[in-house]
Amino acid sequence: MEGLKRPDVMMPSRGMGVVDDLIAERLPLHRLWLEADPDAWLANWGSRLRALASNGHQFPIDAGFMRRLPQLEIVASFGVGYEHIDAEWAGEHGVVVTHTPGVLDDEVADIAMALTIMTVRRLPQAERFLRAGEWAKSSFPLTASLRGRIMGILGLGRIGKAIARRAERFGLEIVYHGRRAQPDVPYRFYPSLTEMAKACDILMIAAPGGPETRRLVGAEVLGALGPDGVLINIARGTLVDEQALIEALRTGTILAAGFDVYENEPNVPAELIALDNAVLLPHVGSASVKTRRAMAECVVDNLVAWSKGKPPLTPVPETPWRGVWGR
Ligand code: 8YV
């Protein structure tokens, strides 16, 4: 069939501008969201396409979608989290999935620390107080403190470790929970998340999303964290039971929460927005010009390597590169 071996890339949904422009500089790119009839376009092109670029977790690339592209060899995703892609299915069908690890760790860890301090010291509330002209009438109320506190990190991967390094410098003691203990790290491991929540003051969520971690942090963990406890989430909204969180913030079960991610972005529950002890950011962890560009370049580098028959640079563990003949 004409065009069978062309390295055309299809992007199903709009990215952060820079990523589709960068791909288009190097490879023929089809922007599915610009097609008047995406289904008709897929019916025509689906059997010829070998490469997909995903703009991140907003658009699911599930088995049903990939089945429509029988020649598919690579899905290059923008972002480190790839729970929106069925990587197990891809691995079983000889499709390599790549993501953008490493280039955003420090940027996200900076925001994790900023959000921690903002939440514990109530900095957004203090700024609102000044802007509202309240300072002339009274001092801003004293807040909780980071001094002498323990941070429990849920998910001590690359980003979790970058947060731990920063938090240690701020004088916090670090403990962690994850699937398994890591012999090479100096922090105490808790096999039980609830036990860690009991032992720590700040629970930092840095674990991947997806079915395995769905709603790990619910009423039980929030109860264990306790009335002086602070929950910070820079990972995925799906790890938290948002209704249980709202209830815990409302009733003083925990002290405060700082969130950058939500279950149903960009929709944030109105009850959460209404709460004064929640600090809420619009998923900006990696959102600097420099880091988003580095992430986009990583997507392009993976696609270009693949288009030259070379191994993609950053495949996810479920889909090791077996070469174009490994299907
Ligand atoms: C991006 C992220 O904002 O890397 C991730 O997993 O969540 C963020 O850095 C997101 O992927 C963009 O869709």
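**Exercise 1. Find the place of H283 in the chain, and work out whether it is buried or exposed or in between.**

Step 1: H283 sits in the loop between β12 (278-280) and α12 (289-307). Helices (H or I, at least four residues) and strands (E, at least two) are DSSP runs, numbered from the N terminus. This is a predicted model, where local features need pLDDT of at least 70, side-chain atom pairs count only at pLDDT 80 or more, and totals for chains, interfaces and linings use all residues. Residues are numbered from 1 along each chain as its sequence is written, and side-chain values use heavy atoms, with hydrogens and water left out.

Step 2: Buried means under 20% relative accessible area, exposed over 50%, and partly exposed in between (1.4 Å probe, protein chains only). H283 has 22% relative accessibility, so it counts as partly exposed.

Step 3: Now the backbone. Phi of H283 is near 45 degrees, a positive value in a residue other than glycine. Most residues other than glycine have a negative phi, and most peptide bonds are trans.

**Exercise 2. Do the same for R122: which loop holds R122, and what is its phi?**

Step 1: Look between α5 (105-120) and α6 (123-131); R122 is in that loop.

Step 2: R122 has a phi near 55 degrees, which is positive although the residue is not glycine.

Step 3: With 24% relative accessibility, R122 counts as partly exposed.

**Exercise 3. Which residues does the cis peptide bond with omega of about 5 degrees join?**

Step 1: The cis bond joins E265 and P266.

Step 2: P266 belongs to the loop between β11 (256-259) and α11 (270-273).

**Exercise 4. Place M10, then say how far apart M10 and H30 are in sequence and in space.**

Step 1: M10 is part of strand β1 (residues 9-11).

Step 2: Its relative accessibility is 0%, so M10 counts as buried.

Step 3: In sequence, M10 and H30 are 20 residues apart, yet C-alpha to C-alpha they are 4.6 Å apart in space.

**Exercise 5. How many helices and strands are there in the protein, and how compact is it?**

Step 1: The protein has 12 helices and 12 strands.

Step 2: The radius of gyration (taken over C-alpha atoms) is compared with the globule rule, 2.2 Å times the number of residues to the power 0.38. The protein's radius is 22 Å, close to the 20 Å that the rule gives for 327 residues, so the protein is as compact as a globular protein of that length.

Step 3: Of those 327 residues, 50% count as buried.
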